Amino acid sequence: MRKLSLFFLFIIYTLFTHAQTDKAQWLADARYGMFIHWGLYSATEGIWKGERLRHPNNYAEWIRYRNRIGEAEYGALAKRFDWEKINPEEWVLLAKKAGMKYIIITSKHHDGVALWDTKVGSYSLPKLSGSGRDVIKEIADACRKHDMKLGFYYSHWIDWQHPYAWNHNQEVTGRVTDAQYNQYWQEKVIPQVRELLTNYGDIALMWFDMWIPYQQSIIKKEQLDQLASMIHQLQPKCLINSRLGLPISDENVDFETLGDNVFGEAYTDHIWETPGTIAHSWGFNALENEWKSTNQLFQSLINNVSLNGSYTLNIGPRADGSVPFEGVERLETIGKWLAQYGEALYANKGLKLRSSQHDWGRITQDQSGTNLYLHVYNWPLDKKLRVSGLLGKPVRATLLSSAEPLDLKVEQFGPLMHIQLPETQADPYVSVVKMSFDEIHLDEQVVGESTFGGFALNARNLVTPGVEMKAFDGTRPDYLMLKEHQDIAWKVYLPKAGRYKLTSNIHNGHGKESTLKIAVQRLTLEASAAAKRYRQDFSVSAKPNGKVTVEPNENWYVEEFLDQEVGTFNADRAGYYEVHFSASSPIWFNKIWIESIK
């Protein structure tokens with residue numbers, strides 16, 4: 001009976017998961033949207049009474065809290081808005097021009113000010129400004145007019161206006177009681193979210209902003225369930241993000257939101273997104289000087305899609321509704337690219353290959369599953385694009401461009417491809433090569449071939465599980481903390497027979513010489529006794545080494561990682577090889593480099 005119950009629970013969970021995915025499929029297809037941070041804070045422009053924001057992150061939308069501004073003075077900022085110029089439809093048209101498919105606007109940020117004409121209290125932009133303008137209605141109307149999906153950001157956890165809401169300063173002044181917080185929840189959160197989901201037509205998603213699990217906050221699970229239940233009742237198709245305070249596995253969460261400007265590191269099956277900024281601040285900051293380059297934004301978007309993620313890119317309009325030129329310029333440039341190459345991004349996902357597999361760019365895959373798009377950030381100097389991990393030659397490979405697509409020559413070496421590119425790249429930012437297959441099969445374990453050839457066997461592409469790794473920290477590379485005689489291995493495909501050079505890169509801080517052992521074994525279907533003929537072993541001594549100066553006269557030193565020549569081996573034929581490494585004492589391992597000797 002218990003087995004039967006578990007079976008039915010599994011079936012119910014599977015059906016629910018599929019329903020959850022189907023409901024959110026539009027977000028996976030859209031891939032790219034606009035965030036808009038606009039509120040009373042926009043009128044300060046990151047400066048209060050001649051003083052800049054009192055925090056190094058320079059998030060202008062936090063100025064009321066950071067600079068300890070009183071409620072009345074803060075509310076008076078509404079008089080700075082230029083309602084003759086403010087036109088939310090222009091934001092929608094900018095998103096459309098940028099190739100974006102949805103908009104999320106801050107209906108209420110942490111300052112507690114509603115952008116719409118809420119019936120909950122008088123702390124709203126229409127009432128404080130005396131304008132009577134409902135920006136939420138105007139942007140909702142514009143989104144419907146221009147076929148743009150609309151979502152609302154709503155700060156449910158933090159509210160600096162309501163006396164019983166959460167305010168981080170309660171860590172020093174004393175927190176409100178659970179009963180008092182629930183009063184805020186029932187008096188403000190529930191009725192305001194009900195207004196948003198009742199008065200403005202179809203709402204595609206609700207975007208909440210609690211960046212810690214609810215257990216670490218004042219909110220109770222029952223309150224989150226109450227909020228989610230109301231959303232489902234009022235707008236059954238409306239999505240809810242994980243910053244509600246719940247994990248992606250929870251039934252009330254439709255997609256995962258990563259941290260601010262945090263990007264994916266590995267392919268993930270569930271739907272997720274990165275909220276990111278064009279500059280640094282989310283709200284407009286007059287002192288902003290950290291604008292991201294157009295190329296950086298391109299790579300952020302494409303990298304996420306290649307890992308099955310989306311990108312919600314923020315603008316912070318001024319109090320007159322205008323968007324800074326730097327932001328408009330970047331959005332329009334990306335929009336022109338998407339108009340040309342949108343087939344390589346919209347409704348695409350990636351492949352379950354390592355995100356660091358290719359040093360020239362990223363790969364996306366369309367819904368048919370038979371078309372791949374190679375997004376080339378760095379046009380190879382030798383005009384040979386090296387692609388690793390794909391089994392089977394494409395039916396066709398073409399370079400997409402504004403002119404006719406150009407057919408490209410492809411050489412296949414097992415799971416390695418060499419694509420011959422023309423002299424000139426097709427696009428100054430990201431060129432796209434389309435490859436069509438009858439079927440696509442992957443080798444997820446094979447080490448990727450580097451630009452110019454050669455193979456880096458490192459901490460991120462080994463096949464040995466459970467090895468302790470330390471990630472690149474700015475001065476030390478990715479490295480493995482190996483124990484005495486701990487064996488690690490990689491799977492490599494060598495595209496031709498010949499001589500290959502082996503070099504290891506390690507830090508030996510053990511204080512004595514260590515013996516490094518490297519073995520190269522050709523993988524073969526022959527019997528094990530015969531297979532030993534294809535094994536070559538190397539043993540070299542690595543002297544202890546110390547630290548290297550990072551910057552002079554600053555007492556800044558880090559462990560030195562040095563190349564250690566191992567030797568050369570003979571590959572008697574093209575094919576798969578397994579490489580093993582171990583050391584006689586604890587060692588910090590960076591990589592083994594394999595290159596052909598011509």
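A disulfide here is a pair of cysteine sulfur atoms within 2.5 Å. Keep that cut-off in mind as we walk through this structure, which is a predicted model. By that rule, the count comes to zero disulfides. Take Cys143: the closest cysteine sulfur sits in Cys238, and at 14 Å that is too far for a bond. Going the other way, the sulfur of Cys238 has Cys143 as its closest cysteine partner, again 14 Å off, so a bond is ruled out there as well. Neither residue is out on the surface, though. Cys143 has 1% relative accessibility and so counts as buried, and Cys238, at 1%, is buried too.

Now for the inside of the protein. In soluble globular proteins, nonpolar side chains tend to be buried together. Here the largest nonpolar core has 118 residues, and the members that touch the most others are Trp38, Ile103, Ile105, Leu227 and Leu331. Which helix gives the most to this core? That would be α9, residues 178-199, with eight residues. Zoom in on Leu227 and, leaving aside its neighbours within four places in sequence, you'll find it in contact with His156, Trp185, Val189, Ile190, Val193, Phe208 and Leu244. There is also a second, separate core of 35 residues, with Val446, Val447, Ile587 and Phe589 among its members.

What about a single strand residue? Thr503 is found in β25, which spans residues 498-507. With a relative accessible area of 10%, Thr503 is under the 20% limit and therefore buried. Skip the neighbours within four places in sequence, and the contacts of Thr503 fall into two runs of numbers: Asp563, Gln564, Glu565 and Val566, then Lys591, Ile592 and Trp593.

Next, the holes. Rolling a probe the size of a water molecule over the atoms shows where empty space is left. How many cavities of 30 Å³ or more does the structure hold? Two. The largest has a volume of about 110 Å³. Its lining is made up of Ser306, Leu307, Leu351, Leu353, Arg354, Ser355, Gln357, His358, Gly361, Arg362 and Ile363. Strand β11 (residues 361-365) gives the most to that lining, with three residues. Sorted by class, the lining of the largest cavity has four nonpolar, five polar and two charged residues.

The second largest cavity holds about 40 Å³ of space. Around it are Trp38, Gly39, Leu40, Tyr41, Thr106, His109, Asp111, Val113 and Leu115. By class, that lining has five nonpolar, three polar and one charged residues. You may recognise Trp38 from the core: it is listed there among the residues that touch the most other members, and it also lines this second cavity.

Last stop, the backbone. Most residues other than glycine have a negative phi. Two residues to look at here are Glu45 and Asn555. Phi of Glu45 is positive, near 55°, and this residue is placed in the loop between β1 (32-36) and β2 (47-48). Asn555 is not a glycine either, yet has a positive phi of about 50°; the loop it lies in runs between β28 (547-551) and β29 (556-559). Are these two loop residues buried or exposed? Glu45 has a relative accessible area of 18%, and because the limit for buried is under 20%, it counts as buried. Asn555, by contrast, is at 67% relative accessibility and so counts as exposed.

Methods: Residues are numbered from 1 along each chain as its sequence is written. This is a predicted model: local features need pLDDT of at least 70, side-chain atom pairs count only at pLDDT 80 or more; totals for chains, interfaces and linings use all residues. Side-chain values use heavy atoms; hydrogens and water are left out. Buried means under 20% relative accessible area, exposed over 50%, partly exposed in between (1.4 Å probe, protein chains only). Helices (H or I, at least four residues) and strands (E, at least two) are DSSP runs, numbered from the N terminus. On a 1 Å grid over the protein atoms alone, a cavity is a set of points where a 1.4 Å probe fits but cannot get out, and a pocket is an open set with protein on both sides within 12 Å along at least five of seven lines; lining residues have an atom within 4 Å of a point. Grid points are joined across faces, edges and corners, and a volume is the space filled by probe spheres set on the points. Ala, Val, Leu, Ile, Met, Phe, Trp, Tyr, Cys and Pro count as nonpolar, Asp, Glu, Lys and Arg as charged, and the others, Gly among them, as polar. Contact means heavy atoms within 4.5 Å. A nonpolar core is a set of buried Ala, Val, Leu, Ile, Met, Phe, Trp, Tyr and Cys residues joined through side-chain atoms within 4.5 Å.
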